[in-house]
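Hi everyone, thanks for coming. Let me put the sequence and the structure up, and then we can walk through them together.

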Amino acid sequence: MSHVSYAMILAGGLGSRLCLLSEKRAKPAVPFGGKYRIIDFTLSNAVNSGIFDIGILTQYRPLSLRDHIGIGRPWDLDRKRGGVELLQPFQGWLENDWYRGTADAVWQNWSRIDERDAEHVVVLSGDHVYRMDYRPMIEAHLERGADATVAVAEVPLEQASQFGVVRTDAAGWITGFLEKPKNPPSGRISMGVYVFRCAALRQELWKDAERDTPHDFGRNILPALVDGGRVLSYSFPGYWQDIGTLDSYYQANLDLLSCDPPFPLEDSRWPIFTPSTENPPARLGPRASVRSSIVTHGTIVNGTVERSVLFPGVVVEEGAVVRDSIVMGESWIGPSATVDRAIFDKRVHVGRGAVVGHGEATSPNRGCPEHLFQGLTIVGKATRIPEGTAIGRNARIAPDLVEEDFPSGGVPTGEVLERA
Amino acid sequence: MNPPILVLILAGGKSERLHPLGRLRTAPALPYGGKYRVIDFSLSNCVHSGLYRIGILTQYAPMSLHGHIGIGRAWDLDRRDGGVRLLQPYVRQRETNWYRGTADALVQNRNVIADAQARHILVLSGDLVTKMDYGPLIARHEERGAALTMVTVTAPNLESERYGYVSADGHGRVRSLNEKPAKPDGAEISAGIYVFRARDLRERLDAPDLGPDLVRDVIQPMIAAGESVDAEPLDSFWRDVGTIDAYFEASQELLKPVPALNLHDHDWPIYTPSEDRAPAIVLGEGDASMSLVAHGARIEGTVRRSILFPGVHVGAGAVVEDSIVLHDTRILPRAVVSRAIVDKGARIGEGAIVGMGESIPNREFPHDLSSGLTVLGKGAEVPAGSRIGRNTIVDMGVRESDFAVREIPPGSYLRARALRRG
């Protein structure tokens, strides 16, 4: 194993389908599951698999990711040898452009691989929720002498068109790789978890860099390698969830709340690490009722919480009801307010008696009907909803709004509210 | 930083009256408030007060404390200058002794005190829960030019045998300090927080034939000799946790609608090493109210007026009320835990009842356990369907096979048949 010790995590992308949540942060930095950020799963998988030398490729809005990673202490990645490094686009003798795609990001940082004399490198995506030991996959890769090995998950056929679909032969070698096909032949898709033989990867990255392509692993690099016939598939049977859309984000959070969760956050054999905030235990007051929910340190509940995920420091005042919702850090739900099927970014302030998620989900969102149609209402960071205001479903409320930005008649279903 | 201060925290004593809770740890290492240990309050107070040179004197069962403190990172005490040091008794060339008392512990660390070149020494009893800024205390001490300033509080209860009563004159000069008086004079007691002018303390510690106790052999003689010993009253929440009742009462305070000790105070956070656990989760028919719930807790039953530490599981149909349940204890389905303190890693079998029936004082320790609490030691196993009366102590390491009968009458003391380590 000693010769596969370096991993690169792709964390640069703009997650446009996550709507407001990823407007000001990279998708891997989106909060998840009460105390985590999405990249924690990949990072924890890496260190739990014994990989302690990691480069994170960032480009889009890296600040919250950088603050989160810090010097890597929560993952034991503050090390003398190895550790974690954020690889931002830079200017140099040959390099003078932003990353043009995932493949180009790795190519521009090829010196990192060179200077390690690595024979193989692990390349991971930073926006999936799963628990995976990479070691057996690396072993298979070495044993079979593959140029590349691709972890493969099985998803329902109707979802497969969002992913890279693989076709394999009886021995597990990949014979075809179709990125986001219209008519997927199967639900066997690439998880964005790869092991590459460096020499093979280098050759393809070099060729690709000279061409006018999207410079994308799924579209360009893997199909080219598949043509060489030495790309192995590695089937992963466990829970794996891509956090590509608001819907999948919401679903993956709610998955945590089922009685026999398909993905339990607590597993002492495979802990998920994250920087812990300095907060006391969750405090449930005399009038509190908390059912089927996650309550994180620093939350104070005096109202009713059902089927919801509360992040650190959320306060639910007396008489307030939070149902089927995801409420991020330090939001305040005022007395007698109702929050139903909503996703709140951090520090949202809901005035007394306000209702978020009012009425029926009769029409999708005006601004992004393709992402906001399932009845969820999404409220951006630090917005202050005035007392008594009713907000319909499928509504999108911009961040940083103050009371005066809200129309007196409330916000109807499907509306987009921006700063006046 | 002026003036230079050395902090010494006394954390070495054995707390007999905590029974199984104090077997493997000292009172300062006692888990408190859902994720903390008692000593976190003193340490957090120090760093918020700008005091970063700290020695912790340990002797009895120091392992859990040492593991907890580590290099002091949780408190930002892993520092180039100062930081935190654990001061254990050690073997010398000439005379080697355990610490024979609090004064002797300081005597044996005379070199630490000398090397610090501090102007004042802040001595803290490690088993206190209070939020206090030591800055104004030290400023007053300095201003008045006192040899010793001792913090006083109003006694939180009438257990006079646990406190030292202080009487002071109108200028705050201490006239007397009476330990464990039969009939206390007033209600002001010593809070276990002392600022000594360093040279006065060192002179006292250098005296030949010094007795072992800090109060009896250092402080009371200073008062008797007419040295300038001043009292500084503290009027915030203050509790020591040296007994089962005191620990329980100090914990229940946190659950009040407006607790006198606010843990959710962003201006004065209490630091502790955080554990990597998932957030608390309530599942299925589970419901929780009026409680503190830490990370890793999993609630499928009913939890009321209780404190759950990390990793506690409450099974479906189980009820936990008015209780303190420490790390990783498993309460299996349909069990009932009522007015109990359950130490780490215990296992309460299906349908078992802990804490039931009349409140008959504990037969062996009526003085320590008569308020109706039931105490389960670390790793205790309670068999399915068994019933344990109130004021009962189930010792650490008791296994299911140690239960001769399924019904343990109130006031019992159940011990493990075989002595087991750890």
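I'll talk about how the two chains meet, and then about the nonpolar cores.

A word on the basics: this is a predicted model, where local features need pLDDT of at least 70, side-chain atom pairs count only at pLDDT 80 or more, and totals for chains, interfaces and linings use all residues. Residues are numbered from 1 along each chain as its sequence is written, chains are lettered from A and ligands numbered from 1 in the order in which they are written, and side-chain values use heavy atoms, with hydrogens and water left out.

So, how many residues of each chain are in contact? On chain B there are 41, facing 38 on chain A, with contact meaning heavy atoms within 4.5 Å. About 3,200 Å² is buried between them, and carbon and sulfur atoms give 51% of that; this is accessible area (1.4 Å probe) lost on putting the two parts together, summed over both. Two salt bridges link the chains, that is, a Lys or Arg side-chain nitrogen within 4 Å of an Asp or Glu carboxyl oxygen. In one of them, Glu285(B) pairs with Arg291(A), the closest N and O atoms being 3.8 Å apart.

Now the cores: buried Ala, Val, Leu, Ile, Met, Phe, Trp, Tyr and Cys residues joined through side-chain atoms within 4.5 Å, buried being under 20% relative accessible area with a 1.4 Å probe, protein chains only. The largest has 63 residues, and Ile333(A), Phe344(A) and Ile348(B) have the most contacts inside it. Apart from it lies another core of 37 residues, including Ile54(A) and Phe163(A). Back in chain B, Ile348(B) touches Leu332(B), Val342(B) and Leu376(B), among others, leaving aside neighbours within four places in sequence.

Key
Buried means under 20% relative accessible area, exposed over 50%, partly exposed in between (1.4 Å probe, protein chains only).
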